[in-house]
Amino acid sequence: MSSSALPVIGMCSDHAGYELKNIIKEMLVEKGYKVVDFGTNSEESCDYPDYAHPCAKAVESGECALGIAMCGTGNGISMTLNKHQGIRAALCWAPELAKLAKEHNNANILVLPARFIETELALKTVETFLNTPFEGGRHERRIAKIPV
(Lines give C-alpha, C1' and ligand atoms only; values in the text may rest on other atoms or scores of the structure.)
Protein backbone atom coordinates (compact mmCIF):
# COMPACT_ATOMS: atom_id res chain seq x y z
CA MET A 1 0.00 0.00 0.00
CA SER A 2 1.40 3.41 -0.89
CA SER A 3 1.79 6.02 1.82
CA SER A 4 -0.73 8.27 0.06
CA ALA A 5 -3.39 5.61 0.65
CA LEU A 6 -2.69 5.47 4.39
CA PRO A 7 -4.70 7.65 6.74
CA VAL A 8 -3.16 10.56 8.63
CA ILE A 9 -2.86 9.63 12.31
CA GLY A 10 -3.06 12.17 15.13
CA MET A 11 -1.22 11.29 18.32
CA CYS A 12 -1.17 12.72 21.82
CA SER A 13 -0.06 11.78 25.30
CA ASP A 14 0.84 13.15 28.66
CA HIS A 15 4.21 12.61 30.33
CA ALA A 16 3.33 9.01 31.30
CA GLY A 17 2.64 8.11 27.68
CA TYR A 18 5.46 10.09 26.10
CA GLU A 19 7.90 7.18 25.66
CA LEU A 20 5.28 4.77 24.28
CA LYS A 21 3.90 7.47 21.96
CA ASN A 22 7.35 7.92 20.42
CA ILE A 23 7.80 4.17 19.93
CA ILE A 24 4.41 3.89 18.22
CA LYS A 25 5.05 7.01 16.14
CA GLU A 26 8.34 5.57 14.90
CA MET A 27 6.61 2.32 13.88
CA LEU A 28 3.87 4.22 12.06
CA VAL A 29 6.31 6.43 10.16
CA GLU A 30 8.33 3.34 9.15
CA LYS A 31 5.12 1.85 7.72
CA GLY A 32 4.48 5.01 5.69
CA TYR A 33 1.84 6.76 7.80
CA LYS A 34 1.86 10.51 8.18
CA VAL A 35 1.69 11.31 11.91
CA VAL A 36 0.63 14.60 13.45
CA ASP A 37 1.99 14.73 17.01
CA PHE A 38 -0.02 17.01 19.28
CA GLY A 39 2.37 16.50 22.21
CA THR A 40 3.50 16.30 24.89
CA ASN A 41 7.12 16.57 23.89
CA SER A 42 8.88 15.46 27.08
CA GLU A 43 8.49 13.37 30.23
CA GLU A 44 8.02 16.53 32.29
CA SER A 45 4.76 16.44 34.24
CA CYS A 46 1.89 17.95 32.24
CA ASP A 47 -1.88 17.94 31.85
CA TYR A 48 -3.31 15.50 29.29
CA PRO A 49 -6.27 17.75 28.28
CA ASP A 50 -3.79 20.24 26.80
CA TYR A 51 -2.89 17.62 24.17
CA ALA A 52 -6.11 15.61 23.97
CA HIS A 53 -8.32 18.52 22.90
CA PRO A 54 -6.21 19.54 19.86
CA CYS A 55 -5.96 15.90 18.77
CA ALA A 56 -9.72 15.40 19.13
CA LYS A 57 -10.42 18.57 17.15
CA ALA A 58 -8.13 17.36 14.35
CA VAL A 59 -9.94 14.02 14.14
CA GLU A 60 -13.35 15.74 14.25
CA SER A 61 -12.37 18.14 11.46
CA GLY A 62 -10.87 15.42 9.26
CA GLU A 63 -7.33 16.83 9.45
CA CYS A 64 -6.49 13.41 10.91
CA ALA A 65 -8.47 10.31 9.94
CA LEU A 66 -7.78 8.53 13.22
CA GLY A 67 -6.03 9.14 16.51
CA ILE A 68 -3.92 7.28 19.02
CA ALA A 69 -3.66 8.62 22.55
CA MET A 70 -2.21 7.51 25.86
CA CYS A 71 -1.76 8.52 29.45
CA GLY A 72 -0.81 6.47 32.50
CA THR A 73 -4.07 4.52 32.79
CA GLY A 74 -5.73 5.75 29.61
CA ASN A 75 -8.75 6.84 31.62
CA GLY A 76 -8.17 10.57 31.91
CA ILE A 77 -7.26 11.10 28.29
CA SER A 78 -10.23 8.93 27.19
CA MET A 79 -12.62 11.00 29.26
CA THR A 80 -11.23 14.19 27.77
CA LEU A 81 -11.32 12.97 24.18
CA ASN A 82 -14.87 11.69 24.53
CA LYS A 83 -16.13 15.14 25.55
CA HIS A 84 -15.96 15.95 21.84
CA GLN A 85 -19.19 15.01 20.05
CA GLY A 86 -17.45 13.54 17.00
CA ILE A 87 -15.03 11.39 18.95
CA ARG A 88 -15.38 7.75 19.87
CA ALA A 89 -12.22 7.09 21.88
CA ALA A 90 -11.80 3.50 23.03
CA LEU A 91 -9.50 2.44 25.86
CA CYS A 92 -7.93 -0.83 24.73
CA TRP A 93 -5.19 -2.98 26.23
CA ALA A 94 -5.36 -5.94 23.84
CA PRO A 95 -5.77 -6.40 20.08
CA GLU A 96 -9.15 -8.11 20.53
CA LEU A 97 -10.55 -5.01 22.26
CA ALA A 98 -9.22 -2.73 19.52
CA LYS A 99 -10.74 -4.99 16.85
CA LEU A 100 -14.19 -4.87 18.46
CA ALA A 101 -13.96 -1.13 19.18
CA LYS A 102 -13.37 -0.51 15.49
CA GLU A 103 -15.78 -3.15 14.10
CA HIS A 104 -18.72 -2.39 16.37
CA ASN A 105 -18.19 1.17 17.62
CA ASN A 106 -16.28 2.70 14.70
CA ALA A 107 -13.79 4.04 17.26
CA ASN A 108 -11.79 6.87 15.76
CA ILE A 109 -9.22 7.24 18.55
CA LEU A 110 -7.43 4.32 20.15
CA VAL A 111 -6.40 4.96 23.74
CA LEU A 112 -3.68 2.92 25.43
CA PRO A 113 -2.89 2.64 29.16
CA ALA A 114 0.83 3.46 28.90
CA ARG A 115 1.76 2.30 32.40
CA PHE A 116 -0.19 -0.95 32.11
CA ILE A 117 0.67 -2.35 28.69
CA GLU A 118 3.86 -3.91 27.37
CA THR A 119 5.32 -2.25 24.28
CA GLU A 120 4.94 -5.30 22.02
CA LEU A 121 1.29 -5.70 22.98
CA ALA A 122 0.68 -1.97 22.45
CA LEU A 123 2.16 -2.18 18.94
CA LYS A 124 -0.02 -5.20 18.08
CA THR A 125 -3.06 -3.36 19.44
CA VAL A 126 -2.28 -0.33 17.27
CA GLU A 127 -1.84 -2.49 14.15
CA THR A 128 -5.14 -4.26 14.82
CA PHE A 129 -6.93 -0.94 15.31
CA LEU A 130 -5.56 0.49 12.07
CA ASN A 131 -6.25 -2.63 10.02
CA THR A 132 -9.80 -3.36 11.19
CA PRO A 133 -12.71 -1.94 9.21
CA PHE A 134 -16.02 -0.81 10.67
CA GLU A 135 -18.73 -3.44 10.10
CA GLY A 136 -21.56 -0.94 9.70
CA GLY A 137 -25.03 -2.47 9.60
CA ARG A 138 -26.78 -2.66 12.97
CA HIS A 139 -23.87 -0.82 14.57
CA GLU A 140 -24.55 2.37 12.60
CA ARG A 141 -27.90 2.85 14.36
CA ARG A 142 -26.25 2.54 17.75
CA ILE A 143 -23.41 4.92 16.91
CA ALA A 144 -25.90 7.51 15.68
CA LYS A 145 -27.40 7.54 19.20
CA ILE A 146 -24.11 8.38 20.96
CA PRO A 147 -23.94 12.19 20.54
CA VAL A 148 -26.01 14.23 22.98
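The paragraphs below go through several parts of this structure, starting with two helices. The model is a predicted one.

Helix α5 covers residues 119-131, which gives it 13 residues. From its first C-alpha to its last, α5 reaches 18 Å, close to the 18 Å expected at 1.5 Å a residue. Which residues of α5 are buried? They are Ala122, Thr125, Val126, Thr128, Phe129 and Leu130. Some of the spacing in that list can be read against a general rule. An α-helix has 3.6 residues a turn, so residues three or four places apart point the same way. The cover over the buried residues of α5 comes from several elements, including the strands β1 (9-13), β3 (66-71) and β5 (109-113). The helices α1 (18-30) and α4 (95-105) are also among the elements that cover them.

Helix α4 can be described in a similar way. Its buried residues are Pro95, Ala98, Ala101, Lys102 and Glu103. What covers them includes the strands β3, β4 (89-91) and β5, together with the helices α5 and α6 (138-144). Helix α5 thus appears in the cover of α4, and α4 appears in the cover of α5. One side-chain arrangement involves a buried residue from each list: Lys102 and Phe129. Lys102 lies over the face of Phe129, at 4.7 Å from the ring centre. As for pairs of aromatic rings, the structure holds zero.

Just after α4 comes Asn106, with a positive phi of about 50°. Asn106 is a residue other than glycine, and its place is the loop between α4 and β5. Its relative accessibility is 23%, so Asn106 counts as partly exposed. Further along, Phe116 lies in the loop between β5 and α5. Is Phe116 buried or exposed? Phe116 counts as exposed because its relative accessibility is 62%. Leaving aside residues up to four places away in sequence, Phe116 touches Gly72 and Thr73. Phe116 and Asn106 are 10 residues apart along the chain, and 24 Å separates their C-alpha atoms.

A different loop, between β2 (35-37) and α2 (49-61), holds Thr40. The peptide bond that leads into this residue, from Gly39 to Thr40, is cis, with omega near 5°. Thr40 has a relative accessible area of 5%, and therefore counts as buried. Which residues does Thr40 touch, not counting residues up to four places away in sequence? Thr40 touches Ser13, Asp14, His15, Tyr18, Lys21, Cys46 and Tyr51. With Tyr51 there is also a polar contact of 3.5 Å, which joins the two side chains.

The last topic is the cysteines. How many disulfides are there? The count comes to zero. A disulfide needs two cysteine sulfur atoms within 2.5 Å, and two cases show how the cysteines miss this limit. For Cys64, the closest cysteine sulfur is in Cys55; the sulfur atoms are 6.3 Å apart, so they are too far for a bond. Cys64 counts as buried because its relative accessibility is 1%. For Cys71, the closest cysteine sulfur is in Cys12, at 9.2 Å, which is also too far for a bond. Cys71 has a relative accessible area of 3%, so it is buried as well.

How values were computed:
Residues are numbered from 1 along each chain as its sequence is written. This is a predicted model: local features need pLDDT of at least 70, side-chain atom pairs count only at pLDDT 80 or more; totals for chains, interfaces and linings use all residues. Side-chain values use heavy atoms; hydrogens and water are left out. Rings of Phe, Tyr and Trp (its six-membered ring) pair if their centres lie within 6.5 Å; planes under 30 degrees apart count as stacked, over 60 as edge-to-face and the rest as tilted. A charge sits over a ring if NZ of Lys or CZ of Arg is within 6 Å of the ring centre and within 35 degrees of the ring normal. Helices (H or I, at least four residues) and strands (E, at least two) are DSSP runs, numbered from the N terminus. The expected span of a helix is 1.5 Å times one less than its number of residues. Buried means under 20% relative accessible area, exposed over 50%, partly exposed in between (1.4 Å probe, protein chains only). Contact means heavy atoms within 4.5 Å. A polar contact is a pair of N or O atoms within 3.5 Å; within protein, one must be able to donate a hydrogen and the other to accept it, and residues adjacent in sequence count only if both atoms are side-chain atoms.
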